[in-house]
Amino acid sequence: YFHSSFGGSYMKSSITQIERRFDIPSSLVGVIDGSFEIGNLLVIAFVSYFGAKLHRPRLIGIGCLIMAAGAFLTALPHVLQGQYVYETTLSHILEDNTTESILPCLANTSHLVINDQATAASKAACEKEAGSSMWIYVFLGNMLRGIGETPVMPLGVSYLDDYARKENTAIYLACLQTVGILGPVFGFMFGSFCAKIYVDIGSVDLDSISINHKDSRWVGAWWLGFLVSGFLMLLAGIPFWFLPNTLAKQGKSPSKKKQKEDRQAKSSSDTPEEEEEQEQGGFLPEDNTEEDAPKPVTMAAMAKDFAPSLKRLFSNKVYLLIILTSVVAFNGFIGMITFKPKFMEQVYGQSPSKAIFLIGSMNLPAVAVGVIVGGFVMKRFKLSVLGAARLSIFSSFFSFCLLLIQYFLQCDNSEVAGLTMTYQGVTEVSYQQDSLLSQCNMGCSCSLKHWDPVCTSNGITYASPCLAGCQTSTGIGKEMEFHNCTCMQELKGEQMAPPTNMSAILGQCPRKSDCDRMFKFYMAVSVLGSFVSACGGTSGYIVLLRSIHPDLKSLALGMHTLIGRTLGGFPPPIYFGALIDRTCLKWGLKRCGGQGACRLYDSHAFRITFLGLVYCLYGLVNLLWGVLYLQLSKRQKKLELRSQAKATALEASGNNNPNGHAMVSIFKNKDDLDLDSESTI
């Protein structure tokens with residue numbers, strides 16, 4: 001579980017690096033990220049149903065091998081693909097053997113025209129050399145990881161729940177989920193580390209690289225984490241091959257004689273232990289349920305029973321409501337966690353590596369603590385199913401309120417001349433490339449397609465040295481500096497005296513100081529929200545476990561995962577990414593021409609789009625929790641009436657039969673029959 005979550009979280013942390021490496025839009029990155037759910041979709045129904053009747057630990061071991069193969073396949077494009085070539089205007093205008101070497105503001109277009117013609121003539125060969133379709137390997141590798149991860153949750157959790165005390169299940173699940181959260185903590189931390197390492201480390205001279213890890217064109221060593229997760233998964237699968245298929249029930253004697261005596265005692269009366277288990281939300285068996293040892297079954301018999309089992313499962317209204325609530329919650333969570341690093345980067349000006357590091361070091365530990373606290377509350381107060389539902393509703397509503405606060409924690413757009421403000425200093429967002437031109441650079445024949453930002457001494461970013469009107473430059477690599485940037489005078493000409501220092505350096509300008517303060521408030525609210533939301537995670541899972549018949553447990557968990565992953569895991573990265581792409585102000589240029597990855601977003605539009613989607617989804621989650629609680633209350637009332645009727649019948653039978661050996665027959669009305677057919681809580 002740790003290594004599986006490590007690999008999954010590392011994939012999330014590498015989304016931005018993969019997007020930049022293969023020059024693809026966010027919507028396509030969403031498809032790649034969703035391929036994990038496609039792999040789950042292909043096999044989870046069969047694994048959950050047939051796996052429950054086969055050797056569950058060994059199936060999990062097989063899954064570990066498949067996940068390792070998927071991780072190695074994901075990293076394969078780095079070996080097959082050529083070196084990464086980032087877009088820059090400097091390659092068009094480089095002149096050797098001079099101290100003041102480059103003339104960014106070209107007097108003619110000869111260099112650019114020749115380059116464009118060469119690209120058009122050899123576009124097919126260039127795309128083949130650049131490996132423009134190598135992202136397909138990442139897609140297939142992630143799908144393999146999804147197939148391999150399938151047995152872990154439904155078979156592992158049902159195996160745990162089958163052989164543990166009912167009152168201990170909550171704390172065991174909390175510990176399991178906490179260990180699973182430690183995986184994402186290390187996954188995001190390692191992702192942050194790899195994001196600072198250049199993608200072609202060891203094969204290029206780093207001194208010749210003119211960008212750093214804060215640049216939107218930088219690509220980190222995204223492939224390194226997949227190699228590490230693949231080796232870890234191979235090690236994790238070894239112990240499962242040595243686990244038995246069944247274990248002795250925790251706290252119960254394995255003696256057959258003792259088990260027979262227990263069954264006879266339970267058939268004659270309700271024991272205090274049974275009453276305590278029901279009080280804690282244990283499943284109430286149907287009247288015809290027998291606890292004899294399972295008989296060997298054939299594969300044909302299991303296949304024949306599959307459709308009736310599905311019918312029984314989906315006739316449970318509570319289970320259907322849980323599925324619907326989970327699907328909407330998954331949509332909100334997956335969409336938010338996938339693009340949260342990009343949100344922090346574009347809205348608050350943080351580097352991708354720092355955003356990933358903060359998520360791994362602050363948000364995820366808060367989630368781990370929240371899961372433990374939720375499990376402890378469940379065990380300490382011995383909450384019933386209704387109590388667990390109330391805890392989930394509270395945590396969901398309170399965390400939603402904290403999400404609403406984030407809307408007011410905003411920063412101004414990055415000051416980029418021609419995109420978020422005019423060259424005269426007026427704030428104005430423009431999606432048109434022509435707005436990059438002004439009187440100060442009109443005669444420079446600048447490329448409007450390239451993104452090679454420079455930061456001038458007055459804190460304004462220009463899309464390239466040429467568009468800043470810079471005349472000369474000194475230095476090489478990251479130390480390059482540009483001088484006599486004429487557009488600086490035009491920008492500030494109406495507001496103050498012309499600046500004395502008209503120079504610029506490579507890279508985008510940092511945000512204003514008040515944005516750093518606002519980001520600290522955002523992180524505090526975000527961490528608190530993560531903790532509160534996680535407090536209801538264990539209780540929500542307990543509601544799921546106690547709403548299904550024991551013999552349908554693996555199938556129910558598998559279908560819950562299947563539907564959740566299919567409708568809640570696969571679509572969100574796609575439609576979140578597609579809507580986020582609409583807020584892009586400046587698209588990058590592919591190596592062989594054409595639109596690449598987005599370099600700059602309108603942070604206001606990005607924030608409204610991202611948070612608006614999250615608010616809609618989590619608002620619907622709270623509404624569905626309310627409907628689910630009403631349904632649970634209704635079922636609980638029916639259960640109490642049924643228990644009272646049974647007690648009355650037992651008392652009447654005892655009075656009529658002094659010897660105490662009465663045959664009890666309880667009349668069932670339509671509601672009772674419905675109650676049984678819906679696998680009553």
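Good morning. Leaving aside its neighbours within four places in sequence, residue I372 is in contact with A174 and T178. I begin with this residue in what is a predicted model. I372 belongs to helix α16, which covers residues 352-381. Is I372 buried, exposed or partly exposed? I372 is partly exposed, because its relative accessible area is 42%, and the partly exposed class lies between 20% and 50%. There is also a long-range neighbour to mention: the C-alpha atoms of I372 and A534 are 8.7 Å apart, although 162 residues separate the two in sequence.

Just beyond this helix, I would draw your attention to K382. K382 sits in the loop between α16 and α17, the latter being residues 385-405. Its phi is positive, about 45°, although K382 is not a glycine. As general background, most residues other than glycine have a negative phi. With a relative accessible area of 48%, K382 is partly exposed.

A second residue with a positive phi is D23, which is likewise not a glycine; its phi is near 50°. D23 is placed in the loop between α2, residues 15-21, and α3, residues 26-51. Here the relative accessibility is 11%, so D23 counts as buried.

Let me turn to the packing of two helices. Helix α1, residues 2-13, and helix α9, residues 166-195, have axes that come within 7 Å and cross at roughly 40°. That angle makes α1 oblique to α9. The crossing of α1 past α9 is right-handed. Which residues of α1 meet α9? They are F2, S5, F6, S9, Y10, K12 and S13. On the side of α9, the residues they meet include V179, L182, P184, F186, F188, F190 and C194, together with glycines such as G180 and G183. By character, the residues of this contact divide into 10 nonpolar, 7 polar and 1 charged.

I now come to the strands. An open sheet is formed by 5 strands in the order β2-β1-β5-β4-β3, with antiparallel pairing. Why do β2 and β3 each have one side without a neighbour in the sheet? β2, residues 461-462, and β3, residues 472-474, stand at the edges and each has a single partner strand, so one side of each is left open in this way. Within the sheet, strand β4, residues 481-483, and strand β5, residues 504-506, run antiparallel and are joined by 2 bridges. F482 has A504 in β5 as its bridge partner.

A further strand pair is found at higher residue numbers. Strand β6, residues 584-589, and strand β7, residues 595-601, are antiparallel and joined by 4 bridges. Opposite L589 stands Q595 in β7. In β6, 6 of the 6 residues are buried, so this strand is largely enclosed by the rest of the structure. β7 is mostly covered, with 6 of its 7 residues buried.

My final residue is L552, located in the loop between α20, residues 537-545, and α21, residues 553-568. Is L552 buried or exposed? L552 is buried, because its relative accessible area is 3%, and buried means under 20%. Apart from neighbours within four places in sequence, L552 is in contact with S309, R312 and L313. L552 and L313 are 239 residues apart along the chain, yet their C-alpha atoms are separated by 7.2 Å.

Thank you for your attention.

Notes: Residues numbered from 1 in each chain as written. Predicted model: local features only at pLDDT ≥ 70, side-chain atom pairs only at ≥ 80, totals over all residues. Heavy atoms only, no water. Axes fitted to C-alpha atoms, helices over the stretch in contact; angles between N-to-C directions. Parallel < 35°, antiparallel > 145°, perpendicular 65-115°, else oblique. Left-handed = near helix turned anticlockwise from the far one by under 90°. Contact = heavy atoms within 4.5 Å. Nonpolar A, V, L, I, M, F, W, Y, C, P; charged D, E, K, R; others polar. Buried < 20%, exposed > 50% of the residue type's maximum accessible area, 1.4 Å probe, protein only. Pairing = 2+ DSSP bridges.
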